[in-house]
Amino acid sequence: MYGIVIIPPQYRYTVTPHTIHTQYIYILTLNLPSQFNTTQPEDLMSWQDFIDKGLLEGGVVREAAIFGIDGGIWAQSAGCNISEDEQRAIVDGLNDPPLREIRVGGRKYRCTMSSLDVILSKLTTSEPSDGRVRGGGGGCIIKKTNQAVIVAEYPSKSSEMDVLAGVEQLGNYFITQGY
């Protein structure tokens with residue numbers, strides 16, 4: 001399948017090649033000015049700032065977390081509770097794609113794309129194991145960096161590509177900083 005993408009001149013973008021099985025794909029990452037907070041990564045003071053001001057503040061992402069590849073939550077939003085088993089399963093899946101499904105905070109997601117550093121997935125259930133009913137739809141994007149994993153859950157009203165652009169931008173910043 002081939003496609004043409006028209007990018008308005010005011011947007012900056014990057015193209016990242018990925019290999020899934022023997023297929024080569026390219027992920028186009030747009031740096032969208034209005035969807036996420038305009039705070040520059042170097043202006044943020046803590047891991048929690050990356051969650052609160054970098055991902056959640058624009059309203060595109062519902063829940064978010066950053067955890068270490070070796071385990072342990074570095075920062076998370078109030079409603080994001082990723083268990084140690086879920087953290088391990090995500091890292092294992094990123095190290096050995098493809099994945100069929102993942103669980104984040106008890107919610108089950110069907111993977112639509114997985115590679116060695118990115119997972120795109122869609123919500124398959126609206127009731128997590130704790131019994132709380134969540135709004136239906138939406139998805140989850142996960143990005144692995146050198147030392148961390150960024151998890152961003154988004155509602156159905158948000159565009160997967162907008163969320164991917166924000167998560168990729170944050171992940172690429174972490175990589176340039178050695179994380």
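**Figure 1. Cysteines without partners.** Let's start with something that isn't there: this structure holds zero disulfides. Take cysteine 111, which is in no disulfide; its nearest cysteine sulfur belongs to cysteine 140 and sits 8.7 Å away. For a disulfide, the two sulfur atoms would have to be within 2.5 Å, so this pair doesn't qualify. Cysteine 140 is in no disulfide either, and for this residue the nearest cysteine sulfur is that of cysteine 80, 7.9 Å away. Are these cysteines buried or exposed? Cysteine 111 counts as buried because its relative accessibility is 12%, and cysteine 140 is buried too, with a relative accessible area of 0%. Keep in mind that you're looking at a predicted model.

**Figure 2. The seven-stranded sheet.** Here's an open sheet of seven strands, paired in the antiparallel sense. Reading across, the order is E4-E3-E9-E8-E7-E6-E5. Which strands form the edges? They're E4 (73-76) and E5 (101-104), and each of them pairs on one side only. On average, neighbouring strands are turned by 25° against each other, if you ignore direction. If you're wondering what holds such strands side by side, strands of a sheet pair through backbone hydrogen bonds.

**Figure 3. Strands E8 and E9, with a helix on the sheet.** Strand E8 covers residues 139-144 and strand E9 covers residues 148-154; the two pair in the antiparallel sense over six bridges. Look for cysteine 140 again: it stands opposite glutamate 153 in E9. Packed on the sheet you'll find helix H3 (residues 160-176), and this helix touches strands E3 (63-68), E6 (107-114), E7 (118-123), E8 and E9. The direction of H3 makes about 20° with that of E8.

**Figure 4. Strand E7 and its two neighbours.** How many of E7's residues are buried? Five of its six are, so E7 is mostly covered, with buried here meaning under 20% relative accessible area. E7 pairs with E6 in the antiparallel sense over five bridges, and a hairpin joins E6 to E7 through three residues. One bridge to look for sets tyrosine 109 against its partner in E7, leucine 123. E7 and E8 also pair in the antiparallel sense, over five bridges. In that pairing, serine 121 stands opposite cysteine 140 in E8.

**Figure 5. A buried network of charges.** The structure holds six salt bridges, and this view follows a network that links Asp117, Lys143 and Glu168. Lysine 143 and aspartate 117 meet through their side chains, 3.1 Å from N to O. These two come from distant parts of the chain, 26 residues apart: lysine 143 is in strand E8, while aspartate 117 is in the loop between E6 and E7. Lysine 143 also forms a salt bridge with glutamate 168, where the closest N and O atoms are 3.3 Å apart. That second pair connects strand E8, home of lysine 143, with helix H3, home of glutamate 168, across 25 residues. Where do these charged side chains sit, buried or exposed? Lysine 143 and aspartate 117 are both buried, and glutamate 168 counts as buried because its relative accessibility is 1%. For lysine 143, the relative accessible area is 2%.

**Figure 6. A salt bridge with partly exposed partners.** Now for a pair in another setting. Glutamate 101 forms a salt bridge with lysine 108, and their closest N and O atoms are 3.7 Å apart. Glutamate 101 counts as partly exposed, at 42% relative accessibility. Lysine 108 is partly exposed as well, with a relative accessible area of 24%.

**Figure 7. Helix H1 and its ring cluster.** Helix H1 spans residues 47-56, and its buried residues are Asp49, Phe50, Ile51, Leu55 and Leu56. They pack against E3, E4, E9 and H3. The structure holds seven aromatic pairs. One of them is tryptophan 47 with phenylalanine 174, an edge-to-face pair with 5.2 Å from centre to centre and 90° between the planes. Because tryptophan 47 lies in H1 and phenylalanine 174 in H3, this pair ties together parts 127 residues apart in sequence. Phenylalanine 174 is buried at 1% relative accessible area, whereas tryptophan 47 is partly exposed at 24%. Tryptophan 47 also pairs with tyrosine 179: the ring centres are 5.0 Å apart and the planes are at 90°, so this pair is edge-to-face. Tyrosine 179 sits in the segment after H3, 132 residues from tryptophan 47. Ring pairs link Trp47, Phe50, Trp74, Tyr173, Phe174 and Tyr179 into a cluster.

Key:
Residues numbered from 1 in each chain as written. Predicted model: local features only at pLDDT ≥ 70, side-chain atom pairs only at ≥ 80, totals over all residues. Heavy atoms only, no water. Pairing = 2+ DSSP bridges. Helix = DSSP H or I, 4+ residues; strand = E, 2+ residues; numbered from the N terminus. Axes fitted to C-alpha atoms, helices over the stretch in contact; angles between N-to-C directions. Contact = heavy atoms within 4.5 Å. Buried < 20%, exposed > 50% of the residue type's maximum accessible area, 1.4 Å probe, protein only. Salt bridge = Lys/Arg side-chain N within 4 Å of Asp/Glu carboxyl O. Phe/Tyr/Trp six-rings, centres within 6.5 Å; stacked < 30°, edge-to-face > 60°.
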